Structures are given as structure tokens and as C-alpha cells.
Amino acid sequence: MGPSRSESALGRGSASRSSLPQREMMSASAYLNTRDIGGIRLPGGLHIAPGAVFRTAAEESVLPEVVLDLARDIEGERLADGGAGTPRHVHFLDLRSPSERNGRSPRTPRDTVRVHRLPLRDPDDRRVPPSDRGPEYFAEQYVRMLPAAGTVVARVLELVASDTGPVVVGCRLGKDRTGLVVLVLLSVLGASDRDNRAEFGRTGQALARRRDWLDRYAARRGETPADVLRRCHLPPGVPQHVLDVLHLRAAWNPAAPTSWPAIDATVLRRAHDRLTQPRGERT
């Protein structure tokens, strides 16, 4: 049984970080395909600090539950401190198109949530039936979406550098668009291809554990759960293909990664300082 949202789901971190309970349980319990990317190793004996950047499946909700819980936690801290200190926010980078969001906006504590709508689309708008979407399809689609994903990554780093609160990146299932953004982000930060592929692969594992969601989703689309899982469990060669393209671009332009994506060198340095900590150190 997963953690209850009625309890305090989020612990206290630094001024810009929040923590969720038992990172390994998140994707299997309270939230769909949601996790803190903290803990991923980086060069120089560093890792990504927990509580700074999260990824999630927003489904059709205007705001995903993890964003609401982070906002409630921040508001609770604000009330406990009597409103003193620098205001903190949850920054939700919504990669969905407007048609993917249904329902009314939920009530959130004060103005704690900042929504950044950055629809991430495939420039090739051909309609390909889900049954025809194999590994090659996704690998090619991700490469076509790289320029737009780079813009989102630049925004993530700007928000991290501003040190005003945790950042949550999400699309409908937290799989393709979110997966691509996180893949580029980790590459820019210097994560190894192996660790980057492993993070990408956790999405298939997370969705497979949610059998209740899987059955409903497949039935709604007229598919079998196996059909859905086949598209969620992409082979490591798919993210590696994208990483190879990124490495080729970096080799072609020695100024990368600050030239592509278009990231200001000062912003990248500040974001790296705020987003990393020595391995073994916990916030």
C-alpha cells in the first residue's frame, strides 16, 4: 500500500527543494509514473540533489497530484514560518497541448503554483496508428523533437538557477515528451549514457506496475495491456540513438552544450551548482 496523500506527503528540504516519500514507491503507488530524478550520478563525484526536479504523468488533469502535494507542503511551511522568508513556488512545466487537459483548475494554496505551458509537439504531424509505432518510430520522432525539447531544458535550468522552488516536468503519461526532456537535461548535466538510459527505462517499469491503470487505459483505447506495454517498454537503443545525436552535435560544435540547447553559460553554471551535491550527501 502506497503512502497516503492525507498525511504530509512531502518533507522539508533546502530553500529550493522538497522531498517525496520513498522515491522507489512513488511510481507504484500515490502517483502515476512520477519520480524525483535526484540521486542520478554525475561526473566529479557528484549526483543530482533530491527534491529539485521531478517528472510526472499528468494524464488529463489540469494539475497533477504531485504538483498539488508539493504546493500544499510549501504552503504549510509558509504558515508555520509566519510568512517570513523568500516566497517559494512549485514550477510545473506542462508539455501537453490544450486539448489534452480536461476539467476545471483545482484550488491551490494561494499563488504557490506557477504553470509554464510549453507544448512539445512532433513537427511531423502524420498520424501513425499505435500498432505501427515501433522502436524506430519513437527514435526518429524523438530526434525530430530535439529542438523543442532543448527549449524546455533551457527553461528548466533557468528555473533551477532562480532557486525559487521545485520544478516538475510532465506530459500525459510522462513517457515520450517528458522522457525526452529529462534525457536531454541529464545529458547537458553530464550524466553517463548508461545512467541516462536506466532513467529512461524506469518509465516502462513504473507503468507496468500500475495494472489498474494499464487495464483501464488499454480498454479505453481498444487495445490489450500487452499492446500498451510494448510501446512503454522501449529498448535501450531508442534513448541511445537520441544520445548519439546529441554527442554528434556536441562534437560538431565544440561550444556545446551551451550552444545547443540555447543555454546561457552563467545560467547553466548556477543551475549546476544548485542542482548537484557530493555523492553520499543527503538534503
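**The pocket, the sheets and a loop residue**

Good morning. By class, the lining of the largest pocket comprises 17 charged, twelve nonpolar and three polar residues. I should state at once that the model we are examining is predicted.

Let us stay with this pocket. Rolling a probe the size of a water molecule over the atoms reveals where empty space remains. The largest pocket has a volume of about 920 Å³. Which residues of its lining are the closest to its centre? They are R127, R133, Y137, Q141 and R172, out of 32 lining residues. Three helices, α3 (135-144), α7 (211-221) and α8 (225-232), each supply at least two residues of that lining. Among the contributors, α3 gives the most, with five residues.

I turn now to the sheets. Strands of a sheet pair through backbone hydrogen bonds, in either a parallel or an antiparallel sense. One open sheet here has five strands, in the order β3-β6-β9-β7-β8, and its pairing is mixed. Its edge strands are β3 (35-36) and β8 (113-117), each of which pairs on one side only.

Please look at β6 in this sheet. On one side, strand β6 (residues 53-57) pairs with strand β9 (residues 167-171) in the parallel sense, over five bridges. Two of the facing positions may help you to find this pairing: F54 stands opposite V168 in β9, and R55 stands opposite V169 in β9. β6 also pairs with β3; these two strands run antiparallel and are joined by two bridges. There, D36 stands opposite F54 in β6. F54 is thus a useful landmark, since it faces V168 in β9 and D36 as well.

Are the residues of β6 buried or exposed? Five of its five residues are buried, and the strand is mostly covered. In a regular strand the side chains alternate between the two faces of the sheet. In β6, V53, R55 and A57 point one way, while F54 and T56 point the other way, and all are buried.

The structure also holds a second open sheet to consider, with three strands in the order β4-β5-β10 and antiparallel pairing. Its edge strands, β4 (41-42) and β10 (276-278), each pair on one side only. Two bridges connect β4 with strand β5 (residues 46-48), in the antiparallel sense. Within this pairing, L46 in β5 is the bridge partner of L42.

A brief word on cysteines. How many disulfides does the structure hold? The number is zero. Two cysteines can be described by their accessibility. C171 has a relative accessibility of 2%, and it therefore counts as buried. C232 is likewise classed as buried, because its relative accessible area is 8%. Both values fall under the 20% limit for a buried residue.

Finally, I would like to show you D264. Where is D264 found? This residue lies in the loop between α9 (237-252) and α10 (265-275). Why does D264 count as partly exposed? The reason is its relative accessibility of 45%, because partly exposed covers the range between 20% and 50%. The side chain of D264 reaches the backbone nitrogen of V267 at 3.1 Å. D264 and A154 are 110 residues apart along the chain, and their C-alpha atoms are separated by 8.3 Å.

To close, I would ask you to locate three places in the structure: the largest pocket, with its five residues from α3; the buried strand β6, between β3 and β9 in the sheet order; and D264, in its loop between α9 and α10. Thank you for your attention.

How values were computed. Residues are numbered from 1 along each chain as its sequence is written. This is a predicted model: local features need pLDDT of at least 70, side-chain atom pairs count only at pLDDT 80 or more; totals for chains, interfaces and linings use all residues. Side-chain values use heavy atoms; hydrogens and water are left out. On a 1 Å grid over the protein atoms alone, a cavity is a set of points where a 1.4 Å probe fits but cannot get out, and a pocket is an open set with protein on both sides within 12 Å along at least five of seven lines; lining residues have an atom within 4 Å of a point. Grid points are joined across faces, edges and corners, and a volume is the space filled by probe spheres set on the points. Helices (H or I, at least four residues) and strands (E, at least two) are DSSP runs, numbered from the N terminus. Ala, Val, Leu, Ile, Met, Phe, Trp, Tyr, Cys and Pro count as nonpolar, Asp, Glu, Lys and Arg as charged, and the others, Gly among them, as polar. Buried means under 20% relative accessible area, exposed over 50%, partly exposed in between (1.4 Å probe, protein chains only). A polar contact is a pair of N or O atoms within 3.5 Å; within protein, one must be able to donate a hydrogen and the other to accept it, and residues adjacent in sequence count only if both atoms are side-chain atoms. Two strands pair if DSSP finds at least two bridges between them. A disulfide is a pair of cysteine sulfur atoms within 2.5 Å.
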